[in-house]
Amino acid sequence: MLFSMLLEATGSVSVMGAAIGAGLAAIGAGLGIGKIGGSAMEGIARQPEAAGRIQTAMLIIAALIEAVALFAAVICLLVATA
């Protein structure tokens with residue numbers, strides 16, 4: 001019943017799949033960045049003298065995760081419009 005209502009609202013399965021894919025990409029990016037932030041704070045608490053290196057690595061990895069999430073959202077939009 002829910003599937004048929006969603007299919008009726010979106011018009012096609014590809015649009016619904018693209019929306020689910022974009023949502024999963026956003027959730028995955030949020031979880032990944034949260035895990036990185038938590039682990040970085042733990043590392044800084046254990047070794048305060050390494051805070052600069054840990055923070056730099058954390059920012060680089062967070063940017064890479066965000067780029068992958070943006071790429072996934074763009075691919076989902078391309079699938080939805082194709």
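**The charged pair**

E42 and R46 are 4 residues apart in helix α2, so about one helical turn separates them; find what E42 forms with R46, and how far apart their closest N and O atoms are.

*Solution.* A quick caveat before you start: this is a predicted model, where local features need pLDDT of at least 70, side-chain atom pairs count only at pLDDT 80 or more, and totals for chains, interfaces and linings use all residues. Residues are numbered from 1 along each chain as its sequence is written, and side-chain values use heavy atoms, with hydrogens and water left out.

- Start with the chemistry: side chains of opposite charge can pair when their charged atoms come close.
- Next, the criterion: a salt bridge needs a side-chain nitrogen of Lys or Arg within 4 Å of a carboxyl oxygen of Asp or Glu.
- E42 and R46 form one, with 4.0 Å between the closest N and O atoms.
- Count them up, and the structure holds 1 salt bridge.
- For exposure, buried means under 20% relative accessible area, exposed over 50%, and partly exposed in between (1.4 Å probe, protein chains only).
- E42 comes out partly exposed at 49%, while R46 is exposed at 69%.

**The overall build**

Work out how many helices and strands the protein has, and which element has the lowest mean pLDDT.

*Solution.*

- Helices (H or I, at least four residues) and strands (E, at least two) are DSSP runs, numbered from the N terminus.
- That gives 3 helices and 0 strands, in the pattern α-α-α along the sequence.
- Now for pLDDT, the predictor's confidence in each residue, from 0 to 100: the protein averages 87, and 89% of its residues reach 70 or more.
- Helix α1 (residues 2-10) has the lowest mean among the elements, 67, and helix α3 (residues 51-81) the highest, 92.
- A word of warning: where pLDDT is low, the predicted coordinates shouldn't be read in detail.

**The annotated spans**

Check the helix content of the residues that UniProt annotates as "transmembrane region", namely residues 12-36 and residues 57-80.

*Solution.*

- The label comes from an unreviewed UniProt entry; positions follow the numbering used here, feature names are shortened, and annotations may be inferred rather than shown by experiment.
- Residues 12-36 are 96% helix and 0% strand, with their end C-alpha atoms 37 Å apart.
- Residues 57-80 are 100% helix and 0% strand, and here the end C-alpha atoms lie 35 Å apart.
- Two pairs give you C-alpha distances across the sequence: G17 and V79, 62 residues apart, are 8.7 Å apart in space, and K35 and A62, 27 residues apart, are separated by 9.9 Å.
- G17 belongs to helix α2 (residues 13-46) and is partly exposed, at 41% relative accessible area.
- K35 is found in helix α2 too, and is exposed at 59%.

**The surface**

Which residues make the nonpolar surface patch, and what share of the exposed area do carbon and sulfur atoms supply?

*Solution.*

- Patch members have over 30% relative accessible area and no salt bridge; like charges are joined within 9 Å, nonpolar side chains (Val, Leu, Ile, Met, Phe, Trp, Tyr) within 5 Å.
- L70, F71, V74, I75, L78 and V79 make the patch, at about 560 Å².
- Take L70: this residue is found in helix α3 and is exposed, at 57% relative accessible area.
- Zooming out, the protein exposes about 5,800 Å², 75% of it from carbon and sulfur atoms (Shrake-Rupley method, 1.4 Å probe; for residues, only the protein chains shown count as cover).
- Of the 82 residues, 13% count as buried.
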